[in-house]
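Here's a protein chain to explore. Take a moment to turn the structure around before reading on.

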Amino acid sequence: MSVTLKSEIKKLIYVHLVIWLLLVAKMSVGHLRLLSHDQVAMPYQWEYPYLLSIVPSLLGLLSFPRNNISYLVLSMISMGLFSIAPLIYGSMEMFPAAQQLYRHGKAYRFLFGFSAVSVMYLVLVLAVQVHAWQLYYSKKLLDSWFTSTQEKKRK
């Protein structure tokens, strides 16, 4: 069971890495002004703390080789702080722009011709799902490791 859960978590970490790299690329292009402001808008505030979301994924990967419970617990706790919290803040930060787009059809930030708030909400929803599944599988893996540790102590 541990091997299967590790495999699922690794897949989710790779999906998270793709999301993270796309966000870094978007932010870099926005800050370095490699494209016009009409093509790529400046980043939202929530995107900056979300860059730290790579830390829980790395801790999760570090926990796998020796079934290190401490690293896995740190990964789960820091995922709430560095991944889930910025996403919640991001949904609140972008809500007025989304509401204005929905009610009046006006968008002021664009990402390659699309409304930036629409694109970023799609990214946000995908990231929430990835992190939620990552937490779910990590909890199951943690329970599995605790069970095997308890069985070894009984022997």
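Five helices and two strands make up the protein chain. Keep in mind that this is a predicted model. If you walk along the sequence, the elements come in the order α-α-α-α-β-β-α. Want a feel for the overall dimensions? The C-alpha atoms of the protein chain fill a box of roughly 65 × 30 × 20 Å, taken along the principal axes.

Now for the membrane annotation. An unreviewed UniProt entry puts the feature "transmembrane region" at residues 12-34, 71-90 and 110-130. Here's how two of these spans look in the model:

| Span | Distance between end C-alpha atoms | Helix | Strand |
|---|---|---|---|
| Residues 12-34 | 31 Å | 91% | 0% |
| Residues 110-130 | 25 Å | 71% | 19% |

Next, the empty spaces. Rolling a probe the size of a water molecule over the atoms shows where empty space is left. The largest pocket has a volume of about 250 Å³. Its lining is made of 13 residues, and those closest to the centre of the pocket are L22, L23, K26, L111 and V123. Which helix gives the most to this lining? That's α1, with six residues. Both α1 (2-32) and α5 (116-154) supply at least two residues of the lining. As for chemistry, the lining of the largest pocket has 12 nonpolar residues, no polar ones and one charged one.

Let's move to the surface. Here L32, L34, L35, F112 and F114 form a nonpolar patch, and together they have about 570 Å² of accessible area. One member of the patch, F112, sits in the loop between β1 (110-111) and β2 (114-115).

Finally, the charges. How many salt bridges does a search of the whole structure find? It turns up three. One salt bridge links E8 with K11, and their closest N and O atoms are 3.5 Å apart. Why are these two about one helical turn from each other? Because E8 and K11 are three residues apart in helix α1, about one helical turn separates them. So helix α1 holds this E8 and K11 pair, and α1 is also the helix that gives the most to the lining of the largest pocket.

Note on methods. Residues numbered from 1 in each chain as written. Predicted model: local features only at pLDDT ≥ 70, side-chain atom pairs only at ≥ 80, totals over all residues. Heavy atoms only, no water. 1 Å grid on protein atoms, 1.4 Å probe; cavity = no way out; pocket = protein on both sides within 12 Å on 5 of 7 lines; lining within 4 Å. Points joined across faces, edges and corners; volume = space filled by probe spheres on them. Helix = DSSP H or I, 4+ residues; strand = E, 2+ residues; numbered from the N terminus. Nonpolar A, V, L, I, M, F, W, Y, C, P; charged D, E, K, R; others polar. Patch = residues over 30% accessible without salt bridge, like charges linked within 9 Å, V, L, I, M, F, W, Y side chains within 5 Å. Areas by Shrake-Rupley, 256 points an atom, 1.4 Å probe, with all protein chains shown as cover. Salt bridge = Lys/Arg side-chain N within 4 Å of Asp/Glu carboxyl O. UniProt positions renumbered as here; feature names shortened; annotations may be inferred.
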